[in-house]
Amino acid sequence: MAVEIHNKEGIEKMRATCRLAASVLEFIEPHVVPGVTTEKLDELCHAYILDHKAIPAPLNYKGFPKSICTSINEVVCHGIPEKRELRDGDIINVDITTILDGYHGDTSEMFVVGEVPAHVHKLIDVTRRSLWLGIHEVAPGKRVGDIGAAIYEFAHGEHGYGVVEAFCGHGIGRKFHTEPQIAHRGKRGRGKRLAAGMTFTIEPMINEGSPHCEILDDDWTAVTIDNKLSAQAEHTILVTDDGYDVLTKRDGAFSM
Ligand code: MF3
Ligand code: CO
Ligand code: CO
């Protein structure tokens, strides 16, 4: 499958869908509190996305049953919204993908429910920073391996965390998941070359312990093999003529 290089019109459509996906995270944040079920968060996001003339991409995607992914604590990614209530001390990743005017925008964020110990805040902070260190590598002529190297050197090399290799970032546009694959571990100067007009996600999953995952019997939920915590952050990025543009950036959210 070829890498999509967007023209001006395609870029504007990517901007619009990514702005919408980012706004879903802003909308849902105040609802992420103790006692709320992840099913309720799903319902709220589903309605918000339809109200904005868009479609939630996960719903029925390869059989996924809900409109968003909610990944709590040891869940690495692809958690299915359900009746489980959030409790004080949980951490949760909410992953939103919109389809607006035929174009996909994909972004996720970590939320803390009530109070968590300092080591948990550190895991989330390192995860967000690793995403942004990857983003800083993006420019025409750079390679996919530059992104993975920056993330891995920081999250594993400096902090000793497990960097998940079973799931990657991905090209995104008229299709949800396309080339290039963006691994969160790599070698500088290796891999596909980046070019202006490409859009892809970077979405590192960083584990307190082992980088290895296991898929539950629902065929979706990926959990850490040691049941230790996992965190993730995701943005959709446009390669510009002189660097990058973070299309899912939100005012007031973490950035570097
Ligand atoms: N949004 C996820 C990603 O970042 C993919 C979810 S696929 C689903 O690529 F089917 F689980 F929704
Ligand atoms: Co993604
Ligand atoms: Co996503």
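**A guided tour of the predicted model**

Begin by selecting Leu41, which touches Ile28, His31, Val32, Val36, Ile68, Leu86 and Ile92, leaving aside residues up to four places away in sequence; contact means heavy atoms within 4.5 Å. This is a predicted model, in which local features need pLDDT of at least 70 and side-chain atom pairs count only at pLDDT 80 or more, while totals for chains, interfaces and linings use all residues. Residues are numbered from 1 along each chain as its sequence is written, ligands are numbered from 1 in the order in which they are written, and side-chain values use heavy atoms, without hydrogens and water.

Next, add Leu86, Ile92, Val94 and Ile96. Together with Leu41, these touch the most other members of the largest nonpolar core, which has 22 residues. Such a core is a set of buried (under 20% relative accessible area, 1.4 Å probe, protein chains only) Ala, Val, Leu, Ile, Met, Phe, Trp, Tyr and Cys residues joined through side-chain atoms within 4.5 Å. H1, H2 and E4 each supply at least two residues of this core; helices (H or I, at least four residues) and strands (E, at least two) are DSSP runs, numbered from the N terminus.

Now select helix H1, residues 8-28. Its 21 residues should span 30 Å at 1.5 Å a residue, and its end C-alpha atoms are 31 Å apart, which agrees; the expected span is 1.5 Å times one less than the number of residues. The buried residues of H1 include Ile11, Met14, Leu20 and Leu25.

Finally, select ligand 1. Among the closest residues are His170 and His177. A polar side-chain atom of His177 lies 2.8 Å from an oxygen atom of ligand 1.

Notes. Buried means under 20% relative accessible area, exposed over 50%, partly exposed in between (1.4 Å probe, protein chains only). A residue is near a molecule or strand if one of its heavy atoms lies within 4 Å of it. A polar contact is a pair of N or O atoms within 3.5 Å; within protein, one must be able to donate a hydrogen and the other to accept it, and residues adjacent in sequence count only if both atoms are side-chain atoms.
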